[in-house]
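Reader: I've got this model open on my screen and I'd like a close look at one part of it. Could you walk me through the charged pairs and whatever packs around them?

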Amino acid sequence: MASSLSNKQLNFARLAIACLDVIKLPLIDILHLNVKADELSAKIEANQTLKKGRFRLNSKEKKKCCIQPPDKPDYSQFDVTLLCKLISHLCPSIQPRQGWGVEPSDDDTGLGDDIVRIRVLRNEVFAHAASAEIDAVTFKDIWDDIERVLTRIQTSTPGCKSVDYVVKLQTVKGMPKDSEECATVKPRLREELQRIAEDITIEVKRKLRRMERELVKAVRDGSGR
């Protein structure tokens, strides 16, 4: 029962809810600002990477995105993984300084960097899913990082936000341990964790390919001396 949650379990529950329900809000607004919902299917159809490349949409993602008119997709039903995938491939004006597959440094504070940071923070929280516990120090560090990112996005894109992201985040922080949201968070994580596992697998493969290219280049440069 929710009332039996320890402080560490409550920390995890609050962060999990923030990652499921709050951190995707700016991503929804950013995608909507750049790609109107009734244009999404055509944009995907014209993008070969999302159609056939290694970042292609899976069947569940296609079902959410490619809806026949007059109906249109509901961005609020998209998760962080799908939103990040669409933004990175359909919004060319938004670019992280070091690229989409690289964790930003502290000095990287552009909009693209913070979008990558959202995914990294989500993965960091859900890495604790097995124990469903997070200690107070770790909770504060991750929570402060999330709040900084949301504040920065909210400040840099004032015209596109549909809600106050930081206020939404603070509402989650104040949730009591006997709330319905805290009681039901673990079942909600199962599907999300599967998507995260797929997301991480793609990132690992990308890093391995980059390392392989760098190694080949180093060997080539060395043999040319």
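Author: What follows is a walk through helix α7, its salt bridges and the helix packed against it, with a look at a couple of pairs elsewhere. Keep in mind that this is a predicted model.

Let's start inside helix α7. Asp114 and Arg117 both sit in that helix, three residues apart, which is about one turn of the helix. Their side chains meet in a salt bridge, with N to O at 2.6 Å. Is Asp114 buried or exposed? Asp114 has a relative accessibility of 1%, so it counts as buried, the limit being under 20%. Arg117 has a relative accessible area of 14%, so this residue is buried too by that limit. The pair also has company: Asp114, Arg117 and Arg152 are linked in a network of salt bridges.

Now step back along the chain to the loop between α6 (80-90) and α7 (111-126). The side chains of Asp108 and Arg97 form a salt bridge there, at 2.4 Å from N to O. Both residues belong to that loop, eleven residues apart, and the pair links distant parts of the chain. The two partners sit in contrasting surroundings: Asp108 is buried, at 1% relative accessible area, whereas Arg97 is exposed, at 61%. Arg97 gets that label because its value is over 50%.

For another pair, look at Glu45 and Lys51, whose side chains meet in a salt bridge with N to O at 3.1 Å. Lys51 has 26% relative accessibility and counts as partly exposed, because that value falls between the 20% and 50% limits. How many salt bridges are there by this rule? The count comes to seven.

Back to α7, this time for its packing. Two packed helices are described by the angle between their axes and the distance between the axes. Helix α1 (residues 7-22) packs with α7 at an angle of about 145°, and their axes are 10 Å apart. The crossing of α1 past α7 is left-handed.

Which residues make the contact between α1 and α7? From α1 come Phe12, Leu15, Ala16, Cys19 and Leu20, and they meet Arg122, Val125 and Phe126 in α7. By class, that contact has seven nonpolar residues, one charged residue and no polar ones. The charged one is Arg122, because Arg is classed as charged.

So on your screen, helix α7 carries the Asp114 and Arg117 salt bridge and also packs with α1.

Terms used
Residues numbered from 1 in each chain as written. Predicted model: local features only at pLDDT ≥ 70, side-chain atom pairs only at ≥ 80, totals over all residues. Heavy atoms only, no water. Salt bridge = Lys/Arg side-chain N within 4 Å of Asp/Glu carboxyl O. Buried < 20%, exposed > 50% of the residue type's maximum accessible area, 1.4 Å probe, protein only. Helix = DSSP H or I, 4+ residues; strand = E, 2+ residues; numbered from the N terminus. Axes fitted to C-alpha atoms, helices over the stretch in contact; angles between N-to-C directions. Left-handed = near helix turned anticlockwise from the far one by under 90°. Contact = heavy atoms within 4.5 Å.
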